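Hi there,

Here is the structure I promised to pass on. Please open it alongside this note, and I will walk you through what turned up.

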Amino acid sequence: FPSHDITTIAKPLHIEVIGEISKLNSQERRIIDELVRNAASHSKGHNITLEIGDHSILAKDDGQGMRGISEVVEELGGELLISSGSTGTQVEIRLP
């Protein structure tokens, strides 16, 4: 997956990616795309950071919230953890 695609999806947010998007399968990439799309459309923030691990995806923004991906995570047998506060939202996805 070309890195410019995620940057385009993220606009108007600035995006930082820690880890390798290219190592994700199509379902994992769909989760990433939806997280970024939601943050760009709804968070009213300025920045999003993605941390991609071997069996985890962590997304943090400085806006008002991210939502809409729980069905995909559930289909994969994963766990979705969301915390939100005055400084922004954090979404962690744990995959089997």
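Let me start with a small puzzle: in which loop is Pro12 found? Pro12 is in the loop between H1 and strand S1 (14-18). A cis peptide bond joins Lys11 and Pro12, with omega at about 15°. The helix and strand names come from DSSP runs numbered from the N terminus, with helices being H or I runs of at least four residues and strands E runs of at least two.

Before going further, a word on the source. This is a predicted model, in which local features need pLDDT of at least 70 and side-chain atom pairs count only at pLDDT 80 or more, while totals for chains, interfaces and linings use all residues. Residues are numbered from 1 along each chain as its sequence is written, and side-chain values use heavy atoms, with hydrogens and water left out.

The core

In soluble globular proteins, nonpolar side chains tend to be buried together. The largest nonpolar core here has 23 residues, and those touching the most other members are Ile31, Ile32, Leu35, Val36, Leu50 and Ile93. At least two residues of this core come from each of helix H1 (3-10), helix H2 (26-42), strand S2 (47-52), strand S3 (56-61), helix H3 (70-75) and strand S5 (88-94). The biggest giver is H2, with six residues. By nonpolar core I mean a set of buried Ala, Val, Leu, Ile, Met, Phe, Trp, Tyr and Cys residues joined through side-chain atoms within 4.5 Å. Buried stands for under 20% relative accessible area, exposed for over 50%, and partly exposed for anything in between (1.4 Å probe, protein chains only).

Leu50 is a good residue to click on. Leaving out residues up to four places away in sequence, Leu50 touches Ile6, Ile15, Glu16, Val17, Ile18, Ile32, Val36, Leu58 and Ala59, where a contact means heavy atoms within 4.5 Å.

The strands

Thr49 is in strand S2 and counts as buried because its relative accessibility is 16%. With the same sequence neighbours left out (up to four places away), Thr49 touches Glu16, Ile18, Leu58, Ala59 and Lys60.

Leu58 sits in strand S3 and is buried too, with a relative accessible area of 14%. Its contacts beyond four places in sequence are Thr49, Leu50, Glu51, Gln90, Val91 and Glu92. Leu58 and Leu80 are 22 residues apart in sequence and 9.9 Å apart in space, C-alpha to C-alpha.

Is Val91, in strand S5, buried or exposed? Val91 has 1% relative accessibility, so it counts as buried.

Strand S3 also holds Asp61, a charged residue by the classes given below, and Asp61 is buried at 7% relative accessible area. A polar atom of the Asp61 side chain lies 2.9 Å from the backbone nitrogen of Gly63.

The loops and the pocket

Lys44 is in the loop between H2 and S2. Its phi is near 60°, a positive value in a residue other than glycine, and Lys44 counts as exposed because its relative accessibility is 67%.

Asp54 is in the loop between S2 and S3 and is exposed at 76% relative accessibility. Asp54 and Arg94 are 40 residues apart in sequence but 9.7 Å apart in space, C-alpha to C-alpha.

Asp54 also turns up in the largest pocket, which has about 200 Å³ of space. Of its 13 lining residues, Lys23, Leu24, Ile52, Gly53 and Asp54 are the closest to the centre. The lining has five nonpolar, four polar and four charged residues. Here Ala, Val, Leu, Ile, Met, Phe, Trp, Tyr, Cys and Pro are nonpolar, Asp, Glu, Lys and Arg charged, and the others, Gly among them, polar.A pocket is an open set of points on a 1 Å grid over the protein atoms alone, where a 1.4 Å probe fits, with protein on both sides within 12 Å along at least five of seven lines; lining residues have an atom within 4 Å of a point. Grid points are joined across faces, edges and corners, and the volume is the space filled by probe spheres set on the points.

Best wishes

How values were computed: A polar contact is a pair of N or O atoms within 3.5 Å; within protein, one must be able to donate a hydrogen and the other to accept it, and residues adjacent in sequence count only if both atoms are side-chain atoms.
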